[in-house]
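Here's a quick briefing to read with the model open in your viewer. Have a look at the structure first, then work through the notes below.

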Amino acid sequence: MRLAQVVPLAPVEGPFTYSVPDALDAEAVVGARVLVPFGRRQLTGVVVARGEGESAKAKPLVDVLDARPSLTPELLALTRWVATYYLCTWGEAIKTALPSGTEVETRRIVRALRPPEAEDGDDGRALLAALAQSNGSGLKVPALAEAMGRKTAPQALLRRLEASGAVSVEYELQEARTRARVEKHLTLTGADPSGLTGARQQALVALLADAGEPVRQAEALKASGASSSTVKGLVARGLVETQDLEVERTDDALDAPLAPAADVTLHPMQEAALGEIRTAIGGDAPQTFLLHGVTGSGKTEVYLRALAAALARGESGIVLVPEIALTPQTVRRFRAHFGDRVAVMHSRMSPGERLDAWTRIRDGKYPVVIGPRSAIFAPVENLGLVIVDEEHEASYKQFDPAPRYHARDVAVFRAHQAGAVCVLGSATPSLETAANARSGKYAYLAMPERVPVLVRKESVASGQSPAAEVASGARGVPAESSTASPLSLGEGQGEGRTSPEASGETRSHPGTQPPPPADAGTSPRGGFDAPSDASNPPAAPEASGDDSSATGYSLLAPAPLPPVRVIDLAREKEVRRLKGALSHDLREAMRQRLERGEQTILLQNRRGYAPVINCETCGWTPECRDCSVSLTLHKTNRTLRCHYCGRAERYPPVCPSCGADDLKLLGSGTQRVEEEIAEVFPEARLLRMDMDTTSRKGAHQKILDRFGRGEADILLGTQMVAKGLDFPRVTLVGVVNADTGMLLPDFRASERTFQLLAQVAGRAGRHDLPGEVLLQTRNPEHPAIQHALNHDYSAFAREELVERYHLGYPPYGRLIGIEIKGPYENSTHKLAQAWTDALARRASGIAGTDVLGPVAAFVGKVKGFWRFHTHLKAPRTVPAKILADAVSAATAEIGAPPKGHRINVDVDPVGLY
DNA sequence: AGCACGCCGACT
DNA sequence: GTCGGCGTGCTC
C-alpha cells in the first residue's frame with residue numbers, strides 16, 4: 001500500500017506512518033501539509049517521506065492541506081538538523097519554519113441539547129448553565145472548565161450527560177487562525193454594455209474595461225464613485241461577474257517612497273572583499289566568510305553588490321538583521337536597490353501579513369528576503385547567498401519557545417547545505433566566529449578603515465543628513481593593503497581547527513583540538529588592527545566631478561575612529577567629589593557640543609530612575625513579589641517597577657516598614673540622568689530613548705528621526721542608542737556607566753561589554769566633524785574597557801580567547817545549558833539535583849566532560865518561578881551527538897517533571913544567568 | 001500538546 | 001460510594 005511518513009506539528013517524536021488513499025496520492029507529496037488522525041483527534045502534519053509497504057497500524061490521511069508543498073526537501077533537511085542539534089522534536093522545528101496560526105486541527109466541542117432546568121443534578125445544571133452562555137455555538141473543553149470555574153473539565157459528568165442526550169460532544173475541525181485574505185473582485189462578462197443609461201454604471205464598466213483584469217470591488221467602487229447597488233444592477237444585467245480572489249496584505253510602512261540608490265564607487269578594501277565573495281558565488285563550493293569591518297567601513301555596500309551578483313545568476317538571497325526596528329537604514333538600502341524583489345519580514349507584522357509574505361516567497365515572487373532570525377527558514381529556492389549582519393548580536397539566539405536555535409549557525413548550515421555562500425558581517429565578531437576565521441574554517445575579509453561617506457547635497461547644505469539617505473562609497477582613495485588575512489589571535493595557525501556544527505561538516509575533529517593561543521603578547525598583529533591614531537587618516541577623495549555628485553550626492557571624507565578617553569569614577573569621586581552620574585569632564589565635553597551646535601549621544605544601559613531604594617533607618621528595600629530582584633523607581637509616574645515581570649506598584653512616600661521618611665535612591669537609570677542633564681543644561685534639548693519611551697509602535701523611529709533632523713542636542717538612552725545609526729552631527733559619545741553588565745556571572749560578560757562599547761564608540765564623528773568618546777567606569781583596567789579604548793578588537797579577541805581556552809569555554813568547548821523551573825524553591829532544587837545526578841552518571845564516561853550545577857540562577861525567581869541551572873561542558877573534540885545523547889538519556893531517566901515544573905535544554909546557550 | 005485511563009483523598 | 005484532582009502513557 002502507499003504510505004506516507006508524517007511529522008505531526010506537536011511536541012511528539014515522529015514521524016508516524018499513514019496510508020495514502022488513492023484520491024490523495026497525487027497531492028500528498030513530500031513537504032505537503034496534511035490532516036492526519038492522531039489519537040482521538042486530527043491535526044496538521046507534514047509529509048517527510050513517501051513509500052510503498054505494509055503497515056497494520058497505519059491510518060489513512062484525512063486530507064491534504066497544500067496545493068503546493070509548504071516545505072522543500074531542503075527545508076525539511078534543515079529543520080531535521082535543527083531538531084537533532086538543538087534537541088527538540090522535528091515537529092517543533094518544522095513549526096518555526098512555517099507561518100504561525102496556519103494549523104488545522106480538530107477539537108472537542110461541547111453543546112447543550114437541553115436547557116439547564118431539565119437537569120436533575122446540581123452539577124449537571126451548572127454545566128448546562130455554563131454552556132448556555134455560549135449561545136448554542138458550544139465550548140471547547142478547556143473553555144467549558146473555565147466557564148464552570150474549575151481547573152479541569154468534569155469528564156465523567158460530561159460522558160453521562162452525553163449518554164443521556166443532554167449535551168453533544170463532537171470533534172470539530174478548527175480552521176487555521178491565519179488564512180489568505182479573499183476579497184470580492186469584479187470583471188466584465190463581455191456582454192454588450194450599450195444601452196446602459198446610469199452614469200455610475202457606465203463609469204464602472206469603463207473602469208473595468210480599462211483594467212482588463214479582475215479589480216477589487218472596493219477599489220473599483222472608490223475609483224468610479226459607484227456603490228454596491230451599482231454592482232448589483234450590473235450583475236443582474238449579466239454585464240459584470242464577481243469572484244473571490246486572494247489579495248496580499250502588505251505593510252504600509254514599506255510603501256514609503258525611497259531615495260534612489262546611489263551609484264557609488266567602492267574603496268579598494270571593499271572591492272577586495274567583494275571580489276572574494278563574488279568569486280565564491282560564481283564557484284560551486286559553499287563557503288562562509290567573516291566580513292570584519294569597522295563601523296563606517298561600508299559593509300552594507302558589499303552586501304548589496306554580493307547580493308546583486310547572486311541575483312544576476314538567478315539565485316536568491318536571505319539577509320538576516322538583528323531586529324528590523326533597529327536597522328531601518330539597512331532595510332531601506334536593500335529596498336532602494338532591489339525594490340519589489342525584496343520581502344521584508346519584521347516583528348511588527350500581523351500574522352496575516354506574514355502569511356502573505358511567506359506564501360509569495362514560496363511562490364518565488366521575492367528572490368530577496370530580509371528579516372530577523374526566523375527569516376533563515378524563508379522558503380526561497382535556489383539559494384545563492386546568506387548574509388548575517390551584525391552576526392555577534394545575541395538576538396539571533398532564540399530561547400523560548402523551542403527550538404533554541406542560533407540563526408547565525410543555522411544560516412551557516414543552510415548555506416552550506418544549499419551550496420551557497422554565507423557572509424557573516426560584524427565590527428566586533430563573536431569569538432566563535434573569530435575562532436572559525438582564525439582556524440581557516442571561514443574565509444576572513446577585513447575592512448579596517450572607514451570609507452568616505454556619500455550624502456545628499458541638500459542635506460550637506462543644511463548640515464543635517466537624514467540617516468536614511470547616507471550611503472558609503474569612495475573614489476580615488478589610495479589603496480592600502482586590503483588583503484584578507486587571518487585574525488592575529490596567536491600562534492598555531494593551521495593545525496587548529498574548530499569546526500562548528502553549523503558548518504554542516506563533521507561534528508568534530510577528534511585529535512585536532514586547537515592549540516592554546518599561547519604567547520599572545522608576542523604574536524604579530526594581523527591584517528585587522530583598526531587605526532587608532534588620528535594622525536594618519538586616509539586621504540580625502542575628490543568631492544567633485546564624479547558621477548555621484550552629478551546625481552545629487554557629495555562625498556565627505558571619512559572621519560577617523562574617534563579617540564576614546566576613560567574616566568575613572570572612583571578617582572573622580574575622591575578628587576572632585578562627584579555628585580550625580582556625570583563627571584566633570586563629561587559635562588564639559590557636553591557643554592562644548594552644545595556651544596558648537598553639535599550633538600551628543602549618551603549611553604546609560606539601565607532604564608528607570610533609581611534601580612535600588614533603601615531605607616536609611618531600617619534597611620528596607622522594595623523587592624518584587626514574583627521575582628528575586630529589587631524594584632526600580634520610575635519617577636515619571638511614581639511607580640516601583642520590576643524589570644523582569646513588569647509588575648508595578650506605587651512608590652511609597654515613607655518607608656512602609658518603619659515609617660521613616662528616609663528612603664535613599666541608589667544608582668541611576670536613564671530618567672535620573674535625564675533629570676541631571678536638565679539641571680546642568682537647562683537649555684539643552686534632550687531625547688530619551690529606552691523601553692519606556694519606545695513602547696508605542698513607531699515611537700522608536702520617531703525619536704531617531706527627530707534626532708536626525710537636529711531637533712535635539714542630546715540623545716540619551718539604553719543600548720538601543722548604540723545600534724546602526726549614522727548621525728553626522730554627533731561628535732560626542734558618552735558612556736555614563738560602562739560597568740553595567742560587565743560583572744555579571746557569565747563567561748560572555750566581557751565580550752558583550754566590549755561589543756557594546758565598541759559599537760557605541762563608532763557612533764561618534766562619522767563624517768566631517770571629528771568625534772570623541774568618553775567612558776565612565778569604576779574598572780578602568782578591565783580588558784573590555786582597555787581594548788575599547790584603543791578600538792582594538794584583535795587584542796581583545798586574542799586575550800579573551802586565551803581565557804576561554806584555559807577555562808574550556810566556547811569556542812574551545814561545548815556547552816549545553818539546562819534550566820529547571822518550578823513554583824517552589826525546594827521542589828525545583830530537588831528536581832534540578834535529580835536531573836543533574838542523572839546527567840552526571842551519563843557524562844562520567846565522557847573524557848574531559850564536566851557537569852556544573854545545579855546552581856540557583858542569577859535572578860533566582862522570575863514571574864513566580866524558581867530557576868536552577870546545570871551546565872554540561874565538554875571539549876570541542878567530544879562530538880555534539882555524544883553530549884546530546886547524554887542529555888536525552890538523563891531526560892528520559894527523570895521522565896516528565898512534576899506538574900508546574902519544566903526542564904529546558906539549551907544547546908550553545910548565549911546567556912548563562 | 002491533547003486526551004483518556006486509573007488511582008487517590010474529600011465530600012454526600 | 002462518587003467525584004474531582006492529578007500522574008502516566010500514548011498518539012501511526
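In this predicted model, helices α10 (residues 299-312) and α11 (residues 328-338) cross at roughly 35°, with their axes coming within 11 Å. The crossing of α10 and α11 is right-handed. After that pair, the notes turn to a sheet and then to the DNA.

**The α10/α11 pair**

- On the α10 side, the contact is made by Thr 300, Glu 301, Tyr 303, Leu 304, Leu 307, Ala 308 and Leu 311.
- From α11, Thr 330, Arg 333, Phe 334, His 337 and Phe 338 take part.
- Sorted by class, the contact between α10 and α11 comes out as 7 nonpolar, 3 polar and 2 charged residues.

**The parallel sheet**

- There's an open sheet of 6 strands, ordered β23-β33-β32-β24-β31-β30, and its pairing is parallel.
- At the edges sit β23 (564-568) and β30 (686-689), each of which pairs on one side only.
- On average, neighbouring strands in this sheet are turned by 15° against each other, ignoring direction.
- Within the sheet, β24 (residues 599-603) and β32 (residues 730-735) pair in the parallel sense over 5 bridges.
- If you want a spot to zoom in on, Ile 601 stands opposite Val 733 in β32.
- Helix α19 (residues 670-680) lies across β24, β30 and β31 (714-717), and α19 runs at about 155° to β31.

**Around DNA strand C**

- There are 16 residues around DNA strand C, and those that come nearest are Thr 17, Pro 37, Gly 39, Lys 57 and Lys 59.
- By class, the residues of the surface near DNA strand C split into 7 nonpolar, 3 polar and 6 charged.
- Both β2 (16-19) and β3 (33-38) supply at least two residues of that surface, and β2 gives the most, with 3 residues.
- Which parts of DNA strand C lie within 4 Å of the protein? Of the strand's atoms within that distance, 60% belong to sugar or phosphate, and the rest belong to bases.

**Polar contacts to DNA strand C**

- An N or O atom in the side chain of Lys 59 is 2.2 Å from a phosphate oxygen of DNA strand C.
- Arg 160 also points to the backbone of the strand in this list: a side-chain N or O atom of Arg 160 is 3.2 Å from a phosphate oxygen.
- For Lys 57, the partner is a base nitrogen of DNA strand C, 3.4 Å from a side-chain N or O atom.

How values were computed: Residues are numbered from 1 along each chain as its sequence is written. Chains are lettered from A and ligands numbered from 1 in the order in which they are written. This is a predicted model: local features need pLDDT of at least 70, side-chain atom pairs count only at pLDDT 80 or more; totals for chains, interfaces and linings use all residues. Side-chain values use heavy atoms; hydrogens and water are left out. A residue is near a molecule or strand if one of its heavy atoms lies within 4 Å of it. A polar contact is a pair of N or O atoms within 3.5 Å; within protein, one must be able to donate a hydrogen and the other to accept it, and residues adjacent in sequence count only if both atoms are side-chain atoms. Helices (H or I, at least four residues) and strands (E, at least two) are DSSP runs, numbered from the N terminus. Ala, Val, Leu, Ile, Met, Phe, Trp, Tyr, Cys and Pro count as nonpolar, Asp, Glu, Lys and Arg as charged, and the others, Gly among them, as polar. Axes are lines fitted to C-alpha atoms, for helices over the stretch in contact, and angles run from 0 to 180 degrees between N-to-C directions. A crossing is left-handed if the near helix is turned anticlockwise from the far one by less than a right angle, and right-handed if clockwise. Contact means heavy atoms within 4.5 Å. Two strands pair if DSSP finds at least two bridges between them.
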